[in-house]
Amino acid sequence: MASIQAHLAVWIVKWRVKRRLKGVRDYRVARQILRPDPYKVPPGIRITPERVGGISGEWVESSKPSDGTLLYLHGGGYFGCSAESHRPITVGFALQGFRVFAPEYRLAPENPFPAAVDDATAAYRGLLAAGHSPQRTVVAGDSAGGGLTVSLLLALRAASHPLPAAVALFSPWTDLAATGDSIRTNARRCAMFNGPDIAPTARYYLGKADPRNPLASPLYADLSGLPPLLIHVGADEVLRDDSTRLAERAKAAGVSVTIKIWPVVPHAWQLAAPLVPEARQSLQESGAFLRARITSP
């Protein structure tokens, strides 16, 4: 059963985010709505601004011995949020022993597709150039950052670059054409998004690009040869089918996929790790999945 905190989180997100986002077509207004409350970094966590591969970002580390390097790509619809806004997640991974780099990839609409893919690729290549082994490097992302994570894998594969050891995706946005049934069937239940707003919002990032371009919507890509994937998504999300269909297509392509559908929780609930037990559990399970696939030196 879902926790009381998860039910409360759904109510709060519906009140503070969903009702205000409904019908918004100005990305600047939407950016402000998605901006989270300040997060207090816990003792023992060190945050260091740095450029990797020419991309600004921040390292998030704890005093624990490193289990490997994690590249974290934040969500926010490709037009909002930042490495700082997603510290509840990056800190959660750092507390498990990962050295986490969160890049500030360029945001739309000022920098439309494929700017985010280019920046994610540059950051990953920068990690390898700095001596981080791909066998000990993993990637994770939520929402748009989850879709961007899969797009990164496709770009790396196309350029014959070494792929990371494993990937974790939290409620990934993989279909910018918004064709999933859950866009309609979960329209009322979803705590954060209104189904009819998904496709118009994608235009902030897409510009005039085809929403079925595989680098923008990896659901439509050839997924063969990708590293093991872990996918966590909420049962009530309008983007649920972006995860379930990705898992089906990846499995059909021979990729090792583990998917877990969580009851009640809102979109990208991992951001509520300080308050919601399911958020902490998701981060712990994801960390264990990634560690198990990192090759020992």
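Is Arg189 buried or partly exposed? In this predicted model, Arg189 has a relative accessible area of 45% and is therefore partly exposed. Buried would require a value under 20%, and exposed a value over 50%.

Arg189 also takes part in a salt bridge. Its partner is Asp236, and the closest N and O atoms of the two are 3.8 Å apart. The pair links distant parts of the chain, with the two positions 47 residues apart in numbering. Arg189 sits in the loop between α6 (182-185) and α7 (198-206), while Asp236 sits in the loop between β7 (229-234) and α8 (240-252). Asp236 has a relative accessibility of 22%, so this residue counts as partly exposed.

The structure holds 13 salt bridges. One of them joins Arg106 and Asp119, whose closest N and O atoms lie 2.9 Å apart. This pair, too, links distant parts of the chain, 13 residues apart: Arg106 belongs to the loop between β4 (98-103) and α4, and Asp119 to helix α4. Which of these two residues is buried, and which is partly exposed? Arg106 has 37% relative accessibility and so counts as partly exposed. Asp119 has 6% and so counts as buried. Leaving aside neighbours within four places in sequence, Asp119 is in contact with Ile55, Tyr105 and Arg106. The salt-bridge partner Arg106 is thus on that contact list.

Another salt bridge is formed by Arg240 and Asp241, with the closest N and O atoms at 3.0 Å. Asp241 counts as buried because its relative accessibility is 10%. Salt bridges can also share partners: in this way Arg46, Glu61 and Arg99 are joined into one network.

The next topic is how helices pack. Helix α4, the helix that holds Asp119, spans residues 115-129 and packs against helix α5, residues 144-158. Their axes are 9 Å apart, and the angle between them is about 70 degrees. Angles of 65 to 115 degrees count as roughly perpendicular, and α4 and α5 are therefore roughly perpendicular to each other. The crossing of the two helices is right-handed. On the α4 side the contact is made by Ala116, Val117, Ala120, Thr121 and Tyr124. On the α5 side it is made by Leu148, Ser151, Leu152, Ala155 and Leu156. Sorted by class, the contact of α4 with α5 has 8 nonpolar residues, 2 polar residues and no charged ones. The spacing of residues along a helix can be read with a general rule in mind. An α-helix has 3.6 residues a turn, so residues three or four places apart point the same way.

A second pair of helices is arranged in another way. How do α1 and α2 run relative to each other? The axes of helix α1 (residues 4-21) and helix α2 (residues 27-34) come within 10 Å and cross at roughly 170 degrees. That angle makes α1 roughly antiparallel to α2, since angles over 145 degrees count as such. Helix α1 contributes Arg16, Val17, Arg20 and Leu21 to the contact, and helix α2 contributes Ala30, Ile33 and Leu34. The residues of this contact divide into 5 nonpolar, no polar and 2 charged.

Helix α3 (residues 87-94) is mostly covered, with 8 of its 8 residues buried. The buried residues of α3 are Arg87, Pro88, Ile89, Thr90, Val91, Gly92, Phe93 and Ala94. Ala94 also serves as a reference point for Asp67: the two are 27 residues apart in sequence, and their C-alpha atoms are 9.6 Å apart in space.

Asp67 lies in the loop between β2 (55-62) and β3 (68-73). Its relative accessible area is 29%, so Asp67 is partly exposed. Not counting residues up to four places away in sequence, Asp67 touches Gln96, Gly97, Arg136, Arg291 and Ile294.

The last stop is Ile259, in strand β8 (residues 257-262). With 28% relative accessibility, Ile259 counts as partly exposed. Apart from residues up to four places away in sequence, Ile259 touches Ile231, Ser243, Thr244, Ala247 and Lys251. Thr174 is 85 residues from Ile259 along the chain, and the C-alpha atoms of the two are separated by 15 Å.

Key
Residues numbered from 1 in each chain as written. Predicted model: local features only at pLDDT ≥ 70, side-chain atom pairs only at ≥ 80, totals over all residues. Heavy atoms only, no water. Axes fitted to C-alpha atoms, helices over the stretch in contact; angles between N-to-C directions. Helix = DSSP H or I, 4+ residues; strand = E, 2+ residues; numbered from the N terminus. Parallel < 35°, antiparallel > 145°, perpendicular 65-115°, else oblique. Left-handed = near helix turned anticlockwise from the far one by under 90°. Contact = heavy atoms within 4.5 Å. Nonpolar A, V, L, I, M, F, W, Y, C, P; charged D, E, K, R; others polar. Salt bridge = Lys/Arg side-chain N within 4 Å of Asp/Glu carboxyl O. Buried < 20%, exposed > 50% of the residue type's maximum accessible area, 1.4 Å probe, protein only.
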